[in-house]
Amino acid sequence: MKIGVVTIFDVPNYGAMLQAYALQRALEALGHDAVAINYTNQHLDGVYRVGVFPPRPTKWLRSRRARAFVRDHVRTSGSRLRSVDDVARVAEQYDVLVTGSDQVWFTGPVQGYDPVYFLDLPGVGTPRISYAPSAGATSNFGSDGPRIRQVLSGYAAISVRDEFTEAVVRTVTDRPLARVVDPVLLHDFAEVRDSHLAWRPVREPYLAVFGNLDTRAASLAREVAASLKLRLVTLQYRLNGGTRVPAPDPWQWMAALRNASCVVTTYFHGAVVPLKFGVPVLCFPTKNRVPKVTALLRDAGVTGALVPATPAEALYAVEAQRAGRAAEESLGPKIAASREWLARSLAEVMQPS
């Protein structure tokens, strides 16, 4: 079955690139031919565009490495598409359309309501499902609600990534909704583990930081690193006292989190990767990321990792994650159920009516 995936992928954002790669691989593992529809939201494109000339070297390098990753590892539909009409013209060549994951159902500033990400393609009869879309910090769809209600009524199956997205989607539909895991958790990355994921930014044990920490969180990260006798390594962002890796490529980014002794992050996917590989994580999400990071840690059964107030609380959370298997035991059944939901939903789409 030929599947067209609509998601956010062609941007220098590690989580976006890796979730798109992982979803494509997961669909292929189910026996399907999956292609990322090469659509770009013009507003998001403007946010991520390097823009200045000459560009800052590290920003230019991250952008270059992102383009190389997408070119080499994500199968796309061909030339760039920039409008609903562009996507509608190619949509009929697929047996099924899948939207998700990432924040494709976020309708707030910059991105707004994008019909493409909701598969709102008038005149296109291709069956459609969603896999793990997130509404991000969107608490209601506002004036877009009636349109979204109408669009979702045409889906063959609907899943979402977290309880907060489920809550806002339930305001516009009473159809069954499944909660599924992010594709990065769905895929095992066995095909890249040996060649790419052995990379380490430093030789000695280290604490990896990914995110722009505020003063209190930065101080706590330094104290945790000192208490555990770990070198402080920062990915992309700057932090005094740390060894900075300014522009890791996506495999290096994932490897740096996988091989850390502990991770401190403000990002959703900055927490997904360590949880996936059994690495203790401490999370200090920004306001707009609080809902999805909170849901992730709850789904993983990890307590005490969300904004610990003191170094002692942070160390306790790290040691509890080291000693137990809460994330593995909590996420394992959810991963299996998500994989089964995806396989069943695609199979049902193709059954004769």
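**Group meeting: a walk through one predicted model**

Let me begin with one residue, Val-245, which is buried because its relative accessible area is 14%, under the 20% that serves as the cut-off. Please keep in mind throughout that this is a predicted model.

Val-245 lies in strand β9, and, if we leave aside its neighbours within four places in sequence, Val-245 is in contact with Trp-199, Pro-201, Val-233, Thr-234, Leu-235 and Gln-236. One of these, Val-233, is 12 residues away from Val-245 in sequence, and the two C-alpha atoms are 7.4 Å apart in space.

Now, where does β9 stand in its sheet? The sheet is open and has 5 strands, paired in parallel, in the order β9-β8-β7-β10-β11. Strands β9 (243-245) and β11 (281-283) are at the edges, and each has a single partner strand, so one side of each is left without a neighbour in the sheet. From one strand to the next, the twist averages 20 degrees.

Further along in that order, β7 (residues 206-210) pairs with β10 (residues 262-265) in the parallel sense, over 4 bridges, and here Phe-210 has Thr-265 in β10 as its bridge partner. Helix α11 (residues 268-276) lies across β7, β10 and β11, and runs at about 160 degrees to β11.

Let me turn to the nonpolar cores. In soluble globular proteins, nonpolar side chains tend to be buried together. In this model the largest nonpolar core has 71 residues, and those with the most contacts inside it are Tyr-131, Phe-189, Trp-253, Leu-275 and Leu-342. Helix α1 (residues 14-29) gives the largest share of this core, 9 residues. Apart from this core lies another, of 35 residues, including Tyr-39, Leu-44, Ile-148 and Ile-158.

Leu-342 also appears among the buried residues of helix α14, together with, for example, Leu-331, Ile-335 and Trp-341. Helix α14 (residues 326-349) has 24 residues, which at 1.5 Å a residue should span 34 Å, and its end C-alpha atoms are 35 Å apart, so the two values agree. There is nevertheless a kink of about 25 degrees in α14, at Gly-332, shortly before the proline Pro-333.

I will finish with a residue in a loop, Thr-107, which is found between β3 (96-99) and β4 (128-130). Is Thr-107 buried or exposed? Its relative accessibility is 15%, and therefore Thr-107 counts as buried. Not counting residues up to four places away in sequence, Thr-107 touches Gly-112, Tyr-113, Phe-118, Thr-138, Asn-140, Phe-141 and Asp-144.

Methods
Residues are numbered from 1 along each chain as its sequence is written. This is a predicted model: local features need pLDDT of at least 70, side-chain atom pairs count only at pLDDT 80 or more; totals for chains, interfaces and linings use all residues. Side-chain values use heavy atoms; hydrogens and water are left out. Two strands pair if DSSP finds at least two bridges between them. Helices (H or I, at least four residues) and strands (E, at least two) are DSSP runs, numbered from the N terminus. Axes are lines fitted to C-alpha atoms, for helices over the stretch in contact, and angles run from 0 to 180 degrees between N-to-C directions. Contact means heavy atoms within 4.5 Å. A nonpolar core is a set of buried Ala, Val, Leu, Ile, Met, Phe, Trp, Tyr and Cys residues joined through side-chain atoms within 4.5 Å. Buried means under 20% relative accessible area, exposed over 50%, partly exposed in between (1.4 Å probe, protein chains only). The expected span of a helix is 1.5 Å times one less than its number of residues. The bend at a residue is the angle between axes fitted to the seven residues ending there and the seven starting there.
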